[in-house]
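Hi everyone, thanks for making the time this morning. Please have the structure open in front of you, and we'll walk through it together.

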Amino acid sequence: MAIPLDMTQSRLGSIFRRMKHIGVIGAGAAGLCSARHILANQGMVPIVWEQSEKVGGTWNYTLQTGTDKHGLQIHSSMYQNLKTNLPKEVMAFPDFPFPEGDESFLHHSEVLKYLESYAQHYDLYPYIKFNHHVEEVKPIIKDHGPPSWSIKVKDLNSGEFSTTVCDALLVCNGHYSVPRFPVIKDIEKFKGRQIHSHNYREPSPYAGSRVVVLGASASGLDIMLELAPYAKEILLSHNLPVPIPSKLPSNVRQVCGVVAASENGFIFRDGTSAEVDIILYCTGYEYTFPFLNKDCNVMIEDNVVKPLYKHLIHSMFPSLAFIGIPFQICPFPLFDFQVQFFLKTVTGAYALPSKEEMNEFVQKDFEGHCNFGQPSKHFHKMGSIQWPYNDQLAQMSGIAPLPPVVSKLYKAVSHSRQSMLMSYKTASYRITGLTSFERVK
Ligand code: FAD
């Protein structure tokens with residue numbers, strides 16, 4: 001917002017008071033996208049709190065594991081050699097392409113650079129309070145309309161606490177930081193090493209080892225490929241209905257899910273067993289919002305965050321939104337649609353249904369998901385339904401949907417990942433039209 005220089009302090013003060021203050025927790029991709037669209041709305045100003053000293057969230061690779069200099073858990077789950085599993089041509093925010101280049105699958109440092117230049121381009125830095133950790137969030141219930149939010153924050157450098165009141169709040173704290181561990185009978189008996197993919201950094205410590213990689217989602221498959229040239233043997237343990245249909249390194253064997261441990265190894269679901277040195281849990285992450293006071297009425301049950309209308313807006317307190325809850329998605333574009341839709345509801349440009357109607361919608365959506373034979377823990381898993389979801393948010397926001405080429409290329413890459421896991425990242429793509437792309441390498 002440009003403020004005329006000759007404006008008196010009191011007029012400035014009154015304009016500032018009339019502005020809607022929109023809080024944002026976190027300056028990762030979701031928080032940056034939130035700040036960028038808040039700033040695009042006249043009459044709104046963002047206040048972003050970021051516990052670290054940089055933008056980019058999980059894309060800030062560090063060799064460190066455990067806790068940081070302030071005693072906070074290390075947030076990033078990046079590993080040294082990680083390349084994206086989506087091509088840059090679909091990964092980008094709709095209004096900010098990645099720089100042109102030959103490669104489609106980028107090293108994590110390139111994604112960090114991209115997010116830094118996004119923050120620079122939209123002039124977001126003045127609105128971010130770095131080294132500020134959000135400690136407690138409470139609703140301030142009003143007689144009419146949605147609540148305001150009281151946000152208590154600790155300045156990690158000075159140790160001082162302060163409280164800010166915001167008209168609306170976007171929670172963008174990331175969902176790939178707090179490891180999830182499965183229950184394994186007798187796990188305390190296992191004498192080998194146990195490590196979660198959150199703390200995995202590079203393959204050399206696994207040289208000559210026999211490793212169980214537990215889980216065959218994105219991280220499990222990627223880390224298995226990294227370890228293969230180093231490890232003696234890898235058992236890729238999973239409960240997928242069929243084996244991974246791709247050629248795998250010769251020292252990788254697919255086995256069923258782990259059910260129990262012994263001193264020297266593991267027993268699998270089909271009763272077979274193996275001796276191993278290390279188990280590497282690629283078993284995903286927990287949703288956590290440790291700063292939400294109980295009055296916020298947010299529950300997490302079996303991996304479902306409740307009560308969220310459209311996986312996004314708190315149905316009882318619609319001035320509170322959670323960006324990026326869905327998984328198996330193309331994250332940056334989905335964040336963009338979620339943020340824009342939420343802000344339309346804050347300005348009143350889109351009128352949300354009543355709380356009762358939203359609750360009913362959430363309940364029916366959830367029941368529909370379960371009746372379809374899906375486990376409740378996969379309620380936020382989107383896969384192919386992310387495209388109609390994005391389109392619906394775009395339509396309700398009155399903004400352009402993604403061009404069809406994005407879902408087309410995303411699907412093509414998903415197929416090539418399945419059948420050519422070991423080599424799909426060597427391909428390179430170029431978008432040639434709203435509905436077309438070509439493979440250039
Ligand atoms: P984050 O990036 O986690 O950012 C959250 C921010 O909130 C952090 O900066 C954190 O410090 C801050 N924060 C948290 N709590 C507080 C608090 N209490 N107070 C203040 N600040 C706080 N996506 C892709 O599109 N392509 C890929 O190839 C891809 N690969 C991935 C590989 C790995 C190993 C992981 C973990 C994720 C990958 N992703 C990928 C998904 C990635 O998480 C998203 O793309 C996206 O970066 C998530 O952004 P976010 O803002 O939601 O969360």
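Let's begin with the ligand: which helices and strands each supply at least two residues of the shell around it? The answer is helix H2, residues 29-39, strand S4, residues 132-140, and helix H6, residues 331-347. Before going further, please keep in mind that this is a predicted model.

Now for the shell itself. There are 30 residues around the ligand, and Glu50, Thr58, Trp59, His75 and Asn85 come nearest. By type, the shell divides into 15 nonpolar residues, 14 polar and 1 charged.

Some polar contacts are worth finding on your screens. A polar side-chain atom of His75 lies 2.6 Å from an oxygen atom of the ligand. For Trp59, an N or O atom in the side chain is 2.8 Å from a ligand oxygen. With Val134 the backbone takes part: one of its polar atoms there is 2.9 Å from a nitrogen atom of the ligand. As for the surface of the ligand, taken alone it exposes 990 Å², and the protein buries 93% of that.

How confident is the predictor? The chain averages a pLDDT of 95, and 96% of the residues score at least 70. Residues 1-7 are another matter, with a pLDDT below 50. Beyond near neighbours in sequence, that stretch has 4 contacts in the model.

Let's go back to H2, which I mentioned with the ligand shell. Why is H2 described as largely enclosed by the rest of the structure? Because 10 of its 11 residues are buried. Among them are Gly31, Cys33, Arg36 and His37. And what covers those buried residues? The cover includes strands S1 (20-25), S2 (44-49), S3 (128-129) and S7 (168-171), along with helices H4 (108-121) and H6. So H6 turns up in two places, because it helps to cover the buried residues of H2 and also supplies residues to the ligand shell.

Strand S1 gives us a nice residue to stop at, Ile22. Is Ile22 buried or exposed? At 0% relative accessibility, it counts as buried. Leaving aside neighbours within four places in sequence, Ile22 is in contact with residues including Ile38, Ile47, Leu170 and Val346. Ile38 is one of the buried residues of H2. For a sense of scale, the C-alpha atoms of Ile22 and Tyr206 are separated by 46 Å, and these two are 184 residues apart along the chain.

Next, please scroll to His380, in the loop between helix H7 (355-371) and helix H8 (386-397). His380 also has 0% relative accessibility and therefore counts as buried. Its contacts, beyond neighbours within four places in sequence, include Tyr287, Asn303, His311 and Phe327.

Asn303 brings us to some backbone details. Asn303 has a positive phi of about 70° although it is not a glycine. This residue is in the loop between S16 and S17, and it is buried, with a relative accessible area of 14%. Asn297 is not a glycine either, and has a positive phi of about 55°. You'll find Asn297 in the loop between strand S15 (278-281) and strand S16 (299-301), partly exposed at a relative accessible area of 35%.

One last stop: where is the cis peptide bond? It runs from Lys306 to Pro307, with omega near -5°. Pro307 lies in the loop between strand S17 (304-306) and strand S18 (308-309).

Thanks for listening, everyone!

Definitions and conventions:
Residues numbered from 1 in each chain as written. Predicted model: local features only at pLDDT ≥ 70, side-chain atom pairs only at ≥ 80, totals over all residues. Heavy atoms only, no water. Near = heavy atom within 4 Å. Polar contact = N/O pair within 3.5 Å; in protein donor to acceptor, adjacent residues only side chain to side chain. Areas by Shrake-Rupley, 256 points an atom, 1.4 Å probe, with all protein chains shown as cover. Helix = DSSP H or I, 4+ residues; strand = E, 2+ residues; numbered from the N terminus. Nonpolar A, V, L, I, M, F, W, Y, C, P; charged D, E, K, R; others polar. pLDDT = per-residue confidence, 0-100. Contact = heavy atoms within 4.5 Å. Buried < 20%, exposed > 50% of the residue type's maximum accessible area, 1.4 Å probe, protein only.
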